[in-house]
Structures are given as structure tokens and as C-alpha cells.
Amino acid sequence: MLTEAADGVWVRQSAWVWTNSIVVRAEGGLILVDPGIDGSELTKLADDLDRLGIPVVAGFSTHPHWDHLLWHPRFGDVPRFATAAGAHAAGQARAQGQAMAAESASGIPLDLIGLVTPLPVDGGPVPGEIIEHEAHAVGHAAVLLADRGVLLAGDMLSDVLIPLLDARRPDQVGAYETALDRLGEAARHVDVVVPGHGAVAEGPEVAARLADDHAYIDALRRGEEPVDTRLGPDADWLSGPHHSNLEQARTR
Ligand SMILES: [Zn+2]
């Protein structure tokens with residue numbers, strides 16, 4: 001079921017890690033942001049889109065992790081965009097993304113994973129302002145829809161997941177600090193934040209999300225293990241070797 005989070009912005013939440021598929025009404029049609037997750041959910045999302053009766057004109061991936069690179073034939077053969085860095089990384093990691101999708105969820109159209117191209121400089125069909133930063137994943141983008149008072153945050157500002165640092169890249173604490181500053185600036189223009197995973201934040205909850213992520217990163221900066229009740233990288237849905245964020249912060 002689609003829930004309208006703001007004017008022309010709808011959200012459908014998956015059972016898989018509370019993943020949010022986001023639908024944005026733009027000039028000419030709908031933009032699908034990070035649709036997911038399993039095949040039956042993608043089909044239900046397509047049914048929801050049919051009921052809206054507005055064609056999908058493009059897709060947008062906030063960052064090159066497999067759960068944000070999905071698509072379904074019923075959404076149409078339309079351009080799918082990411083930042084230039086995100087599109088490059090998605091292409092390189094496509095086979096790995098397909099493997100992770102196959103083992104994590106059922107019915108995902110594997111051949112459609114990660115087929116994203118760089119967003120045109122003028123944004124093309126994607127409305128709003130792209131806020132690109134280096135935290136969490138290469139080429140990560142938030143989308144600021146200031147006219148609707150909404151920030152689409154990708155895998156930042158979640159109420160269910162702690163900040164997840166990109167283990168392969170240096171100075172993720174610094175990258176997070178910079179990204180949170182930029183998202184904080186953007187959040188001054190909104191009263192709704194839609195994270196990639198978790199509940200939509202409204203009103204005072206927006207500042208609380210920023211404060212939670214800041215507190216986490218500040219603890220890492222001080223060399224302390226953060227006290228945080230949200231899920232971490234050792235949650236069983238994240239496969240592969242992992243280390244605590246503190247270990248990463250210390251060794252980089
Ligand atoms: Zn991610």
C-alpha cells in the first residue's frame with residue numbers, strides 16, 4: 001500500500017529491513033526511487049502505480065547497494081539514474097549485487113539489477129536538488145524536494161539502522177560528519193524525511209534523527225563504542241565479513 005508522505009510523494013514499505021520504495025510525482029510522470037524488495041512486493045507496487053494512473057518516466061537509485069538498485073518489468077523500460085559515481089560503482093558491482101539479491105529475497109528480476117546511468121547535470125526528469133556525499137556508499141545521493149518539504153535521505157537518518165560505514169574507504173567518520181552537516185542544512189527546508197529503511201520522520205522527529213546519527217558519529221570520533229539501540233552491521237540480513245564501526249574508525 002502506498003502512503004502519501006507529502007504532496008505527490010508516496011512511500012511503500014517492504015517487510016525486508018523496513019525498506020522504503022518511494023514514488024515522486026514529477027513533470028510528465030512518476031519517478032521511482034529505490035523500489036524494492038522481493039518480487040511479490042515489486043508486483044504490488046506496480047499495482048499501486050496502476051491505481052495512481054500516472055506513468056513512470058524514470059527511476060533513481062540513491063546509492064549502489066543491491067537493495068537500492070532493483071527494478072521490475074512492469075515499471076517500464078525507462079531511464080534509471082544515479083549519481084555518476086554511483087552509476088559507475090553499480091556497474092562494477094553488478095554481479096555481486098545480483099548474487100546478494102538472489103540469496104536475500106525471492107522473485108527479484110536479477111537481470112534488471114543495477115542498470116543505472118549518470119543523472120544529467122540538469123537533473124533530467126528527477127525533480128529537486130541532489131545532495132551527493134561520501135558517507136555510507138560511493139556516490140550516495142539524498143534528494144531534497146524543498147517545494148514539498150521533503151528530504152529523501154537514502155541510507156542515512158534511519159530509526160532502525162545505525163550509521164553504516166563503508167569499510168572499503170578511508171575516513172568514513174569524516175565523510176559522515178560532512179554528510180550530516182549537509183543533510184542538516186537541507187533539513188531546515190523540510191518537515192518530512194523519508195529514510196531508505198525505517199519510519200518516515202515528521203516534524204520534531206527530523207531533528208531527532210539528525211541528533212541520533214550525530215551522537216553515533218561523535219562517539220566514534222572520541223574513540224568510544226556508541227550506545228545505540230538501532231540495528232548494526234552484525235544484523236543477520238547483512239552477509240559477508242564485517243567489523244564494528246569503531247574498529248573501522250580506529251584503523252583508518
Ligand atoms: Zn546502503
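**Note on the predicted model: loops, zinc site and cavities**

1. **A cis peptide after S4.** Ile37 sits in the loop that joins strand S4 (29-33) to helix H1 (39-52). The model is predicted, and the values below are computed from it. The peptide bond leading from Gly36 into Ile37 is cis. Its omega is near -5 degrees. Please look at this bond when you step through the loop between S4 and H1.

2. **Asp34, in that loop too.** Asp34 also lies between S4 and H1. Its phi is positive, about 50 degrees, although Asp34 is not a glycine. Is Asp34 buried or exposed? Asp34 has a relative accessible area of 2%, so it counts as buried; the cut-off for buried is under 20%. Asp34 is also one of the residues lining the second largest cavity.

3. **Trp18, another positive phi.** Trp18 is in the loop between strand S2 (9-13) and strand S3 (20-26). Phi of Trp18 is near 50 degrees, again a positive value in a residue other than glycine. The surroundings are not those of Asp34: Trp18 has a relative accessible area of 39% and is therefore partly exposed, whereas Asp34 is buried.

4. **The zinc donors.** Which atoms hold the zinc ion? The donors are NE2 of His63, ND1 of His65, NE2 of His136 and OD of Asp155. The distances run from 2.1 to 2.2 Å. Note that His65 binds through ND1, while His63 and His136 use NE2. Along the chain, the donors are spaced as H-x1-H-x70-H-x18-D.

5. **Where two of the donors come from.** His136 and Asp155 link distant parts of the chain and are 19 residues apart. His136 belongs to the loop between strand S8 (129-133) and strand S9 (140-145). Asp155 belongs to the loop between strand S10 (150-154) and helix H4 (172-187). Both His136 and Asp155 are buried.

6. **Zinc geometry.** Why is the arrangement around the zinc ion called irregular? The angles subtended by the 4 donor atoms run from 90 to 172 degrees. A tetrahedral site needs all angles between 85 and 135 degrees. The upper end of the range, 172 degrees, breaks that limit, so the site does not pass as tetrahedral. Water is not among the atoms, so the site may look incomplete.

7. **The largest cavity.** Rolling a probe the size of a water molecule over the atoms reveals where empty space remains. In this model there are 2 cavities of 30 Å³ or more. The largest has a volume of about 70 Å³. Its lining comprises 13 residues. Nearest its centre are Asp155, Met156, Ser158, Leu161 and Ile162. Asp155 is thus a lining residue as well as a zinc donor. By class, the lining has 7 nonpolar, 3 polar and 3 charged residues.

8. **The second largest cavity.** This one has a volume of about 40 Å³. Its lining includes Leu32, Asp34, Pro35, Gly59, Phe60 and Ser61. His68, Leu69, Leu70, Trp71, Arg80 and Val116 are also among the lining residues. Sorted by class, there are 7 nonpolar, 3 polar and 2 charged residues.

9. **Two residues in helix H4.** Ala179 and Gly184 both lie in helix H4. Ala179 has 0% relative accessibility and so counts as buried. Gly184 is partly exposed, because its relative accessible area is 21% and the cut-off for buried is under 20%. From Ala179 to Met156 the C-alpha distance is 9.1 Å, with their positions 23 residues apart in sequence. Met156 is one of the residues nearest the centre of the largest cavity. Gly184 and Val33 are 151 residues apart along the chain, and 21 Å separates their C-alpha atoms.

10. **Gly124.** Gly124 is in the loop between strand S7 (117-118) and S8. Its relative accessible area of 40% makes Gly124 partly exposed. How far apart are Gly124 and Ala58 in space? Their C-alpha atoms are 9.3 Å apart, across 66 residues of sequence.

11. **The chain overall.** The protein chain has 6 helices and 12 strands. Its C-alpha trace spans about 50 × 40 × 35 Å along the principal axes. The radius of gyration is 17 Å; a compact globule of 252 residues would have one near 18 Å, so the chain agrees with that expectation. Buried residues account for 55% of the 252.

Key. Residues are numbered from 1 along each chain as its sequence is written. This is a predicted model: local features need pLDDT of at least 70, side-chain atom pairs count only at pLDDT 80 or more; totals for chains, interfaces and linings use all residues. Side-chain values use heavy atoms; hydrogens and water are left out. Donors are N, O and S atoms within 2.8 Å of the metal (3.2 Å for Na, K and Ca); water is not among the atoms, so sites may look incomplete. Four donors count as tetrahedral if all angles lie between 85 and 135 degrees; four count as square planar and six as octahedral if opposite donors are over 155 degrees apart and all others between 65 and 115; anything else is irregular. Helices (H or I, at least four residues) and strands (E, at least two) are DSSP runs, numbered from the N terminus. Buried means under 20% relative accessible area, exposed over 50%, partly exposed in between (1.4 Å probe, protein chains only). On a 1 Å grid over the protein atoms alone, a cavity is a set of points where a 1.4 Å probe fits but cannot get out, and a pocket is an open set with protein on both sides within 12 Å along at least five of seven lines; lining residues have an atom within 4 Å of a point. Grid points are joined across faces, edges and corners, and a volume is the space filled by probe spheres set on the points. Ala, Val, Leu, Ile, Met, Phe, Trp, Tyr, Cys and Pro count as nonpolar, Asp, Glu, Lys and Arg as charged, and the others, Gly among them, as polar. The radius of gyration is taken over C-alpha atoms; the globule rule is 2.2 Å times the number of residues to the power 0.38.
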